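Subject: Structure handover

Hello,

Please find the structure below, for your own work. My notes on what was found in it follow.

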Amino acid sequence: MIVDSYRFLPRSFRPLYEGRGPFRSEEEPVWTPFAKRLSEAKIALLTSAGVYMRDEQQPFDVEAERARPEWGDPSWRAIPAGAGSHDLGVSHLHINTADVQADPEIALPSRLLAQLADEKVIGAAAQTHFAVMGYQDRHLHDWRDKTAPEIAASLHADRVDGLILAPA
């Protein structure tokens with residue numbers, strides 16, 4: 001399957017985004033040593049698939065993105081570790097949401113993470129995971145100023161040691 005990440009951009013916008021290389025802030029590798037042994041660490045997940053709790057949370061705002069293709073909803077959702085496909089909705093313009101809806105594990109592998117905890121590969125799986133809608137504004141101002149600090153604060157409050165990014 002060929003994925004066209006620029007599908008909903010007007011043709012005149014495509015050259016502004018295609019082939020631009022890394023974001024300015026990503027020119028240098030980012031590295032932080034992991035101080036704890038993985039077998040003692042509490043781990044959470046972060047998916048960029050636009051997953052949300054269907055009966056409890058608002059979907060990500062795809063209508064605003066359709067109207068302004070250079071914008072992506074910078075908000076985030078907390079997803080309980082035990083949430084199943086019947087609990088979850090998916091709102092994202094740049095992935096096949098039917099696949100994620102059919103098997104959320106492809107975007108938010110919480111059962112696999114729980115299995116790693118059972119096998120003592122990791123110390124514990126967090127009780128709360130996180131979801132965002134990928135395909136964001138290149139400048140990422142909202143993410144830097146609001147989204148990332150809020151997610152980090154929640155991770156810190158839950159004493160999570162590591163976060164696995166599960167890009168959609």
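V160 has a relative accessibility of 15% and therefore counts as buried (buried is under 20% relative accessible area, exposed is over 50%, and partly exposed is in between, with a 1.4 Å probe and protein chains only). The model is predicted: local features need pLDDT of at least 70, side-chain atom pairs count only at pLDDT 80 or more, and totals for chains, interfaces and linings use all residues. Residues are numbered from 1 along each chain as its sequence is written, and side-chain values use heavy atoms, with hydrogens and water left out.

V160 and its surroundings

V160 sits in the loop between α5 (141-157) and β7 (162-166) (helices are DSSP runs of H or I with at least four residues, strands are runs of E with at least two, and both are numbered from the N terminus). Not counting residues up to four places away in sequence, V160 touches K42, I43, A44, A126 and L155 (contact means heavy atoms within 4.5 Å). V160 and A124 are 36 residues apart along the chain, with 9.1 Å between their C-alpha atoms.

The loop that holds V160 also contains R159. The phi of R159 is positive, near 55°, in a residue other than glycine. R159 counts as exposed because its relative accessibility is 68%.

D158 is in that loop too, and its salt-bridge partner K42 is in strand β1, 116 residues apart from it. The closest N and O atoms of D158 and K42 are 3.3 Å apart (a salt bridge is a side-chain nitrogen of Lys or Arg within 4 Å of a carboxyl oxygen of Asp or Glu). D158 is partly exposed at a relative accessible area of 27%, and K42 is partly exposed at 21%.

Other salt bridges

The structure holds 4 salt bridges. One of them joins E63 to R66, with 2.8 Å between the closest N and O atoms. Both residues lie in helix α2 (residues 62-67), 3 residues apart, or about one turn of the helix. E63 is exposed at 51%, while R66 is partly exposed at 43%. The side chains of E150 and K146 form another, at 2.6 Å from N to O. These two are in helix α5 and 4 residues apart, again about one turn. An α-helix has 3.6 residues a turn, so residues three or four places apart point the same way.

Nonpolar cores

The largest nonpolar core has 18 residues, of which V51, I79, L88, L113 and I122 touch the most other members (a nonpolar core is a set of buried Ala, Val, Leu, Ile, Met, Phe, Trp, Tyr and Cys residues joined through side-chain atoms within 4.5 Å). At least two residues of this core come from each of β1 (42-47), β2 (51-53), β4 (88-90) and α4. A second, separate core of 8 residues includes L46, F130, V132 and V160. As for L88, its contacts beyond four places in sequence are V51, Y52, M53, R54, I79, A83, Q101 and P104.

Helix α4 and what follows

The buried residues of α4 are S110, L113 and A117. They lie on the same side of α4, because they cover an arc of only 60° around the axis (the arc is that of the directions from the helix axis to the C-beta atoms). R111 and D118 are exposed on the other side of α4. The cover over the buried residues of α4 includes β1, β5, β6 (128-132) and β7.

Ahead of α4, P109 lies in the loop from α3 (97-102). P109 is partly exposed at 21%. Beyond four places in sequence, P109 is in contact with L45 and A166.

K120 is in the loop between α4 (110-118) and β5 (124-125). Just after α4, K120 takes a positive phi of about 65°, and with 63% relative accessibility K120 counts as exposed. V121 lies in this loop as well and is partly exposed, with a relative accessible area of 38%.

Regards
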